[in-house]
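Reader: Hi! I'm in my first year and still learning to read structures. Could you pick one part of this one and take me through it slowly?

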Amino acid sequence: MQKLILSAALAFGMASAVSAQTVTEQDRADARCFLSALNFKVIKPNGEPVTASQAAVLDMMSAFYIGRLRSRQPASTPTAAIITPDMVRDVQARLPHVFGPCLEGWKQYNVDLGETAKILKIVEDAG
């Protein structure tokens with residue numbers, strides 16, 4: 001009986017270890033992009049606040065990056081395991097440097113959306 005309980009406990013422990021997700025560099029990169037979009041929205045680039053349309057794009061961009069990040073992590077992974085105070089300070093200190101590559105990734109996403117819209121239109125017209 002003890003062997004059965006020990007085997008069950010070991011199996012449960014191994015299953016838990018397998019289901020636990022580690023935070024990867026891609027997770028950290030997406031978290032930085034998420035933070036950069038949020039931060040860019042509240043700063044005043046060139047001394048001017050972002051426009052309403054720019055703020056809407058930054059909101060979509062932040063949703064895109066947090067969605068990518070969360071799609072790789074189990075819901076049980078706490079946000080604080082991924083986004084740390086040091087990461088927030090680093091993004092704020094290097095915002096233009098961090099934001100640039102994130103914007104490039106976002107631009108590719110927009111291209112993909114445009115191409116998908118064209119495909120959907122072809123299907124709709126053929127239907």
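Author: Happy to; what follows is a close look at helix 2 and the parts of the chain that touch it.

A word on confidence before we start. This is a predicted model, with a mean pLDDT of 82 for the chain, and 82% of the residues reach 70 or more. Among the elements, helix 4 has the highest mean pLDDT, 95, while helix 1 (residues 2-19) has the lowest, 41. Over residues 1-19 the pLDDT stays under 50, and the model has 1 contact beyond four places in sequence for that stretch. We can leave that stretch aside here.

Now find helix 2, residues 25-42, and look at helix 3, residues 52-72. The axes of these two helices come within 8 Å and cross at roughly 160 degrees. Angles over 145 degrees count as roughly antiparallel, so that is how helix 2 lies relative to helix 3. The crossing is left-handed. On the helix 2 side, the contact includes Asp-30, Ala-31, Cys-33, Phe-34, Ala-37 and Leu-38. From helix 3, the residues taking part include Leu-58, Met-61, Tyr-65, Ile-66 and Leu-69. Sorted by type, the residues of this contact are 12 nonpolar, 2 polar and 6 charged.

Next, turn to helix 4, residues 85-93. Its axis and that of helix 2 come within 10 Å and cross at roughly 55 degrees, so the two helices are oblique to each other. This crossing is right-handed. Here Arg-28, Ala-31, Arg-32, Leu-35, Ser-36 and Asn-39 of helix 2 meet Met-87, Val-88, Asp-90, Val-91 and Gln-92 of helix 4. These residues divide into 5 nonpolar, 3 polar and 3 charged. Did you spot Ala-31? That residue is listed in the contact with helix 3 and also in the contact with helix 4.

Finally, go back to Cys-33, one of the helix 2 residues in the contact with helix 3. Cys-33 forms a disulfide with Cys-102, and their sulfur atoms are 2.0 Å apart. A disulfide is a covalent bond between the sulfur atoms of two cysteines. The structure holds 1 disulfide, and this pair links distant parts of the chain: Cys-33 is in helix 2 and Cys-102 is in helix 5 (residues 95-126), 69 residues apart. The torsion about the S-S bond is about -85 degrees, so the disulfide is left-handed.

To retrace the route, start at helix 2, follow its contacts to helix 3 and helix 4, and end at the disulfide with Cys-102.

Definitions and conventions. Residues are numbered from 1 along each chain as its sequence is written. This is a predicted model: local features need pLDDT of at least 70, side-chain atom pairs count only at pLDDT 80 or more; totals for chains, interfaces and linings use all residues. Side-chain values use heavy atoms; hydrogens and water are left out. Axes are lines fitted to C-alpha atoms, for helices over the stretch in contact, and angles run from 0 to 180 degrees between N-to-C directions. Helices (H or I, at least four residues) and strands (E, at least two) are DSSP runs, numbered from the N terminus. Angles under 35 degrees count as roughly parallel, over 145 as roughly antiparallel, 65 to 115 as roughly perpendicular and the rest as oblique. A crossing is left-handed if the near helix is turned anticlockwise from the far one by less than a right angle, and right-handed if clockwise. Contact means heavy atoms within 4.5 Å. Ala, Val, Leu, Ile, Met, Phe, Trp, Tyr, Cys and Pro count as nonpolar, Asp, Glu, Lys and Arg as charged, and the others, Gly among them, as polar. pLDDT is the predictor's confidence in each residue, from 0 to 100. A disulfide is a pair of cysteine sulfur atoms within 2.5 Å.
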